[in-house]
Each structure stands twice: as C-alpha cells, then as structure tokens.
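Visitor: I would like a walk through this structure, with the reasons behind each label. Could you show it to me before we start?

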Amino acid sequence: MTEQNLTLVSHPLCPFVQRAAIVLLEKGVAFDRVNVDLSAKPDWFLALSPTGKVPVLKVRQLNGEEAILFESVVICEYLNETQGGAAMYPDDALLRARHRAWIEFATQTFTEGWQFLHAKDMATADAKRAAFRDRLSKIEAEL
C-alpha cells in the first residue's frame, strides 16, 4: 500500500479505534484519519458502518475502489497480514490463540469500564465498578 490508501474513520476517545491506530503507527503505515461525532452520526458514516460504530477502515484498492472494514480486531488482523513491519501476533499458533483470547477479554473489559463510567445510579455504578475491577485484576495476574 502506498500513502493515503488507508483512511481510519474514528472518534478520538474510542479505545477500539486506538487499537487500529496503534497497529498503524507501530507498523509505520501512512493513513488518513477522519473523526466523526458519534452523538450526531453523519449519513455518509452510517452508509459505511453496518454497526454504526467506529472504527471503520477504508482501503483504497488498486482498481481505485474502496473496500470497507469494520470491527477493530478484524481491522488489526488485516493490517497485520497486509502491512510491513514487525508482526503483531506470535508465530506460534497456541500463543497467537492466547493473544486473541486476551484481546477478546479486553474488549469485554472496555465495555465494563464504559458501563461503569456511564452508570445512571449508584447501584449500577457499584456493580459495574466491581465487575471492571475484577476484570482488571485478571489482566494484572496474567501480566
């Protein structure tokens, strides 16, 4: 891929977008970044994203057409497979599977954290805080 063949459609506070941005930066890949207001999603964005969520990666193909990828893990795996630089996953199949399992665990952890931060009442906040801390302690134990 040459410069500007990749456009990351994002929101600056989304941890899932950060996954894709980190892979792009770690691999030294040039890309454009377009932020969307998730509280007032533009029609062009909703036409690209079947989930209405970020990130979305627009990939300009050799024929000039754009392919659209969504979901951060899928985008990261695509970038790992198609871009130069160090591999983001181990070569060993078992270790690679363990990494992917912890990536999925982190996805659920982000969700717990978001639900804690956006709780509407103390009972929900307390429950989500406990769940979030439990997940963080499991990650800490693994590290």
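What follows is a conversation about how the labels on this structure are reached.

Visitor: What should I know about the model and its numbering?

Guide: This is a predicted model, in which local features need pLDDT of at least 70 and side-chain atom pairs count only at pLDDT 80 or more, while totals for chains, interfaces and linings use all residues. Residues are numbered from 1 along each chain as its sequence is written, and side-chain values use heavy atoms, with hydrogens and water left out.

Visitor: How many helices and strands are in the chain, and what makes a stretch count as one?

Guide: There are five helices and four strands. Helices are DSSP runs of H or I with at least four residues, strands are runs of E with at least two, and both are numbered from the N terminus. Along the sequence the pattern reads β-α-β-α-β-β-α-α-α. The C-alpha atoms fill a box of roughly 55 × 45 × 20 Å along the principal axes.

Visitor: What makes two strands a pair, and how are β1 and β2 joined?

Guide: Two strands pair if DSSP finds at least two bridges between them. Strand β1 (residues 6–10) and strand β2 (residues 32–35) have four bridges and run parallel, so they meet that definition. One of the bridge partnerships is between S10 and N35 of β2.

Visitor: Why is the β-α-β crossover from β1 to β2 called right-handed?

Guide: The term applies if, with the strands pointing away from the viewer, the path from the first strand over the helix to the second runs clockwise. Here the chain goes from β1 through helix α1 (residues 15–26) to β2, and this crossover is right-handed; by the definition, the path therefore runs clockwise in that view. Helix α1 lies across β1 and β2, at about 155° to β1.

Visitor: Why do β2 and β4 stand at the edges?

Guide: The four strands form an open sheet with mixed pairing, in the order β2-β1-β3-β4. Strands β2 and β4 (66–70) each have a single partner strand, so one side of each has no neighbour in the sheet. Neighbouring strands are turned by 20° against each other on average, direction ignored. At the β4 edge, five bridges join β4 to strand β3 (residues 56–60), and the two run antiparallel. Within this pair, V59 stands opposite A67 of β4.

Visitor: How do you know that α1 is roughly parallel to α3, and α4 roughly antiparallel to α5?

Guide: Angles run from 0 to 180 degrees between N-to-C directions, with axes fitted as lines to C-alpha atoms, for helices over the stretch in contact. Under 35 degrees counts as roughly parallel, over 145 as roughly antiparallel, 65 to 115 as roughly perpendicular and the rest as oblique. Helices α1 and α3 (residues 72–82) pack at about 5°, with axes 9 Å apart, so α1 is roughly parallel to α3. Helices α4 and α5 pack at about 155°, with axes 8 Å apart, which makes α4 roughly antiparallel to α5.

Visitor: What makes residues count as being in contact, and which ones join α1 to α3?

Guide: Contact means heavy atoms within 4.5 Å. In α1, F16, R19, A20, V23 and L24 meet S72, V73, I75, C76 and L79 of α3. T107, in helix α4, also touches F16 and R19, leaving aside residues up to four places away in sequence.

Visitor: Why is T107 called buried, while H118, A30 and E71 are called partly exposed?

Guide: Buried means under 20% relative accessible area, exposed over 50%, and partly exposed in between (1.4 Å probe, protein chains only). T107 has 19%, so T107 is buried. H118, in the loop between α4 (93–117) and α5 (122–142), has 41% and is therefore partly exposed. A30, in the loop between α1 and β2, counts as partly exposed because its value is 30%. E71, in the loop between β4 and α3, has 35% and so is partly exposed. Buried residues make up 29% of the 143 residues in the chain.

Visitor: Which backbone details should I look at in E71 and P55?

Guide: Phi of E71 is near 80°, a positive value in a residue other than glycine. P55 lies in the loop between α2 (43–48) and β3, and a cis peptide bond, with omega about 5°, joins V54 to P55.
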